[in-house]
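I sat down with this one to look up a few residues and their surroundings. Here are my notes, entry by entry.

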Amino acid sequence: MFILSTVLLSSIFIFISSTMSQIIDDESCETLQSEVHITKDEYDEIGRLKRTCSGDIPVTKCEGFCSSQVQPSVASTTGFSKECYCCRESYLKERLIILHHCYDADGIKLLNEEDKIMEIKIREPAECKCTKCGDISR
């Protein structure tokens, strides 16, 4: 009887451990490198297009998936308890970038030192993790 109980408990423990490792492995939220094409227009005081600058910029992004579940609940008005998690930034960092391809309103490439580049600020994910969906407390 003792051996049967030990085998049964061991089997349950292995099943629970296997299930827990599956739950943990079901999340894969990463901070990855990506490249985006950015175009920025600049206007003069009266609203006329002064120049347009663009460039392909390496940025970070969040990508992956997180565990979510829906289960019956007598405590909820809908009859279901929902726990949804999304892969998103845990905080953002600000960075200066330089756009090197600048053109005037007629599409002519700008070559003078003052106008041939444009410096702009972007915000990108510094770190990504699974967070409760809809949580905008950051």
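Before placing anything, I note that strands are DSSP runs of E, at least two residues long, numbered from the N terminus. I also keep in mind that this is a predicted model.

**Entry on Ser68.** I found Ser68 in the loop between β2 (49-65) and β3 (69-72). Buried or exposed, I wondered about Ser68? Its relative accessibility is 44%, so I put it down as partly exposed, since that class runs between 20% and 50%. Leaving out residues up to four places away in sequence, I see Ser68 touching Glu83, Cys84 and Tyr85. With Tyr85 there is a polar contact: the Ser68 side chain comes to 2.9 Å from the backbone nitrogen of Tyr85. I also checked Cys133, 65 residues away along the chain, and its C-alpha atom is 9.5 Å from that of Ser68.

**Entry on the core.** Next I looked up the largest nonpolar core, which has 11 residues, among them Ile38, Cys53, Leu99, Cys102, Leu110 and Met118. At least two residues of this core come from each of β2, β5 (85-99) and β7 (118-132). I followed Leu99 further and found contacts that include Ile38, Cys53, Ile57, Met118 and Ile120, as well as Lys40 and Lys116.

**Entry on Asp115.** Asp115 sits in the loop between β6 (101-104) and β7. Which side chain of opposite charge is nearest to Asp115? I found Arg51, 4.3 Å away; Asp115 is buried and has no salt bridge, the cut-off for one being 4 Å. Beyond its neighbours in sequence up to four places away, Asp115 touches Lys50, Arg51, Cys102 and Leu110. Cys102 and Leu110 were already in my core entry.

Key:
Residues numbered from 1 in each chain as written. Predicted model: local features only at pLDDT ≥ 70, side-chain atom pairs only at ≥ 80, totals over all residues. Heavy atoms only, no water. Helix = DSSP H or I, 4+ residues; strand = E, 2+ residues; numbered from the N terminus. Buried < 20%, exposed > 50% of the residue type's maximum accessible area, 1.4 Å probe, protein only. Contact = heavy atoms within 4.5 Å. Polar contact = N/O pair within 3.5 Å; in protein donor to acceptor, adjacent residues only side chain to side chain. Core = buried A, V, L, I, M, F, W, Y, C linked by side-chain atoms within 4.5 Å. Lys, Arg positive; Asp, Glu negative; His and termini not counted.
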